[in-house]
Amino acid sequence: MERKIYKEIPGGKNNFHSAVLTTFSFNFHHFEGQVLRILKEKWVTSVNVLVDQNMLNFSLGVSSNYLKSINQAYAVNGIKSSGAFHPKINFFIGDSSLLAIFGSGNITPGGHGKNHEVFSGFYADSADKTELPLLLELWEYLIRFTKQMDGYSAERICKTITGCCDLFSNEKLVKHQFYNIDKNLDAALLYNEKGTSIYHQLSNLIPINDIEDITIVCPYYDEDGALLKDFCQLFPNANLNIYLQENDGLPPTRIEADERIVFYDFNEATRGKITNNALGDGRMLHAKIFHFKSTEKEYCLVGSANATIAAMGSSNFSYQNDELCVLYASLSFDFLNTLGINKVSKPIKNIAAFSRQGYYGENAPALNSRTKHIIKSIDLERRQLKIYVNSRHIFTESCYLTAFGRDGVECFSFQINDGQQEIFEFTLSIEQSDPDWLPQYCAFVDTNGAIISNKQPVNRIDKLRNTNPEKNLRNIREIIGKIEVGQFNELEIADYLTQLYREDTGAKRASSHGGLRENKEAIAEKNISTLSYDEAIAASNDTSVLSRIASGHITSRLWQSLEYILENKSNAILDELMDEEEEASATEGKDRKVGSIEECDSCVKIGNDITRPFNIVKKLTEKYCSNLKRAQFNEEHVIGIIDYLRFLLSSYTITAICHFNEYTSFPKETNIADWKKKLHYLYLESIQSILVQFTLLHQCRKIAKYAKEQDDLTFRHNDLLNKTLYHILLDVALAYNSLGRQEPVVKEQIILCCLNIFDKCGLPNDGLKDYLEKLSAANSNSFYPPHVLEMLDEIVDASRYGTYKKAEKLGICKIDTVQGGKYRIKTIYSNSYSFTDKKNISDFTL
């Protein structure tokens, strides 16, 4: 069960969209590398993790270095307890379904495979609500911890997620009672809360005088066995059988001898002998099982609570930890046999000889005595940093709010002048808001640099909003989720882009010039990621929302996801080549093993519909060009970030479909070579159409300019502009391969478009060669980068030979002849030649 806890969760867009997870110890790298990937594959995108604050303080810094997704693809919050925040809950929410899996395993490699763990699960949907009361009680228990949170995280769990499931209700629940969940099987939730402990709930639900045998399988005990002794008093007629591991955990080494308490070696039990082949022997016992047997009935308690008074309470002690367990009751179910706990013939005689060895993750490092749980949540939206503070705390000494990067190194600090606020707000400078140096977490520090508060991760609101479970975000989440886990092909992206462009067309009223007559304030209030192209352009004129659009719009999210995948693929390929080079001998190269196309996992299977790539490219080209034409006639339009993102997405997708993708599973009668030739020719037509309209847009409309204080937008704009120029050159170079000698007119038009684009935007920067090499590597070397660089040289050379000149209103023109004081020219506005006065023409050289 430990290794399958997430893999067996039902996936797909009609199942679960959100997850709220709780854990004591948290391994960031295991979570991002394993758990988060699986959740995305299951289409669970809104992921929220609550971690014991002491353990989070210990982990943040060096242990959380090199993370790529923390508080961007998932939110993490620390939770404080008087003892330990110890429940291990995996709660999944769908539109009409709920699933909770909880037990003893933390979100660590040990908790998800190496250790011996025990988990329970409840499920309910609109068709079967048998276990719904238990799920609602569990949810109520879980969200009570959001009182320690504030801002975005608390709102997302308490309002956004619950608002996206029709199974939640406000009915008052009866707590800690049995519900029948199956034939002859009842279940009740037990957890510590004000006024009652797990110990007291057990004593209310189990007939204490009828219990004859108690079996406990657990790694951690009070040193003096205090809870075991208390059980002897609570259950006067019961014998206790205790299973533990030598040299692991915390056995009760100082317990007084009692003939009713017998210890056994867990490794001799059936379950203890089960090893993990991949990990070998030595699996640690981390499960927590309490079994109570009477003459008629069996009771089994499993969950997070160890056999300690701090975890369960006692007859004269409340509790310290926050824990969650489930108590099962049955007349016929054999719990111990099912769990692999059989009576071991040879007991442990000298428990005092055992050693108490806590293991990493179960015993939190102690905090500095001055450290307090002060920070509830931290939100960062664009450059605005907002810190929510516990209202009961007031700073009485000088201190700073300090931000720390991924490696635990200080990024920047703000001095605290008024220590009586509940919310502190700061504006980051341009340097502080550099995406590569944004803080991972913050804490308050004194004037000597010592941390005097808890550490709290920084929520990147612009990123996290795009993972929210609202239905109007589902489509983008689905496609981005598939991209991020590598389960996509460009045909799907093209279909999605076509749908986006179709929604834009005619979606809003246009003026006689095509300009929007939209209430910009209303647009600005909408979710940035879901704005249509027209809405995004209209809202871009408002500088207060422009930064949000630049980072949070759907096109930005898609392109960032694609860039991330392409970067990782190219780096992996380059690393492999480097390894091969190092491993090859000085005299003999290492042969690369290249599988056939038919064996390629990333190949696109065509099947009988061999026209699908053609139809998709045609539709995308038609819709995108239609958008470009409308923008040309919109007098309010200013060319900027969204325009470049759209070009990059459309250009790359069409190029990948026509040139990068490998296709398999054709019908037998298909002439594949002829099929590919037609696809390449379609690419030429598509790129030619897009390039003409994109060039005309630059002739009709101005390029955006930003204020001095908007350096972040200037950087983003220039970065996307240069990548747009890179892709224009790539498109042109690939299109040339499809040109025959009989098509000089097409070649002229392509050169003319490039010259006009470069005249308006400048030549691509020095990053072109490196970018092309990485893009080629990420796409199985589908093109030769030097050919693209040669294309640039040809375009630049063309501008130097006097064949092309510049006209004020017509842009760069192709000069054919001079007749009677007039130039015979061709422009981007027409495929045919016309005459113009020479005085309207000036020299031109790039």
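This report describes the confidence, overall make-up, sheets, one helix, cysteines and two backbone angles of a predicted model.

## Confidence

The model is predicted, and its average pLDDT is 84. A score of at least 70 is reached by 87% of the residues. Residues 359–364 have a pLDDT below 50, and this stretch makes 20 contacts in the model beyond near neighbours in sequence. Residues 580–599 also have a pLDDT below 50; for this stretch the model holds 13 contacts beyond near neighbours in sequence.

## Overall make-up

The protein has 846 residues, and 57% of them are buried. Its secondary structure consists of 23 helices and 30 strands. Among contacts with a separation of 6 or more, 75% are between residues 24 or more positions apart. The accessible surface is about 37500 Å², and carbon and sulfur atoms contribute 46% of that surface.

## The sheet of 9 strands

One open sheet contains 9 strands in the order β7-β8-β14-β13-β12-β9-β10-β11-β15, and its pairing is mixed. The edges are β7 (179–182) and β15 (347–348); each has a single partner strand, so one side of each has no neighbour in the sheet. Strands of a sheet pair through backbone hydrogen bonds, in either a parallel or an antiparallel manner. At the β15 edge, strand β11 (residues 261–265) runs antiparallel to β15 and is joined to it by 2 bridges. Phe263 has Ile348 of β15 as its bridge partner.

Strand β13 (residues 298–303) lies between β14 and β12 in the strand order. On one side, strand β12 (residues 289–294) runs antiparallel to β13, with 5 bridges between them. His291 is paired with Cys300 of β13 as its bridge partner. A hairpin of 3 residues connects β12 to β13. On the other side, strand β14 (residues 324–330) is antiparallel to β13 and is joined to it by 6 bridges. Here Val302 is opposite Val326 of β14.

In β13, 6 of 6 residues are buried, and the strand is mostly covered. Glu298, Cys300 and Val302 point one way, while Tyr299, Leu301 and Gly303 point the other way; all are buried. Cys300 and Val302 therefore belong to one set of β13 residues that point one way and are buried, at under 20% relative accessible area.

## The sheet of 4 strands

A further open sheet has 4 strands, ordered β20-β17-β16-β23, again with mixed pairing. Its edge strands are β20 (423–427) and β23 (459–460), each of which pairs on one side only. Strand β16 (residues 375–381) and strand β17 (residues 384–389) are antiparallel and share 6 bridges. Within this pair, Asp379 is opposite Lys386 of β17.

## Helix α20

Helix α20 covers residues 711–736, a run of 26 residues. At 1.5 Å a residue, α20 should span 38 Å, and the distance between its end C-alpha atoms is 38 Å, in agreement with that expectation. Of the 26 residues of α20, 20 are buried, so the helix is largely enclosed by the rest of the structure. An α-helix has 3.6 residues a turn, so residues three or four places apart point the same way.

## Cysteines

The count of disulfides is 0, where a disulfide requires two cysteine sulfur atoms within 2.5 Å. Cys754 is in no disulfide, and the nearest cysteine sulfur, that of Cys753, is 6.9 Å away. This distance is over the limit of 2.5 Å, so the two are not counted as a disulfide. Cys754 is buried, with a relative accessible area of 0%. Cys158, by contrast, is partly exposed, at a relative accessible area of 32%.

## Positive phi angles

Trp43 has a phi near 70°, which is positive in a residue other than glycine. Trp43 sits in the loop between α1 (28–41) and β2 (46–52). With a relative accessible area of 25%, Trp43 is partly exposed.

Asn71 is another residue other than glycine with a positive phi, near 55°. Asn71 lies in the loop between α2 (53–59) and β3 (75–79). At 0% relative accessibility, Asn71 is buried.

Note on methods:
Residues are numbered from 1 along each chain as its sequence is written. This is a predicted model: local features need pLDDT of at least 70, side-chain atom pairs count only at pLDDT 80 or more; totals for chains, interfaces and linings use all residues. Side-chain values use heavy atoms; hydrogens and water are left out. Buried means under 20% relative accessible area, exposed over 50%, partly exposed in between (1.4 Å probe, protein chains only). The expected span of a helix is 1.5 Å times one less than its number of residues. pLDDT is the predictor's confidence in each residue, from 0 to 100. Contact means heavy atoms within 4.5 Å. Accessible areas come from the Shrake-Rupley method with a 1.4 Å probe; for residues, only the protein chains shown count as cover. Two strands pair if DSSP finds at least two bridges between them.
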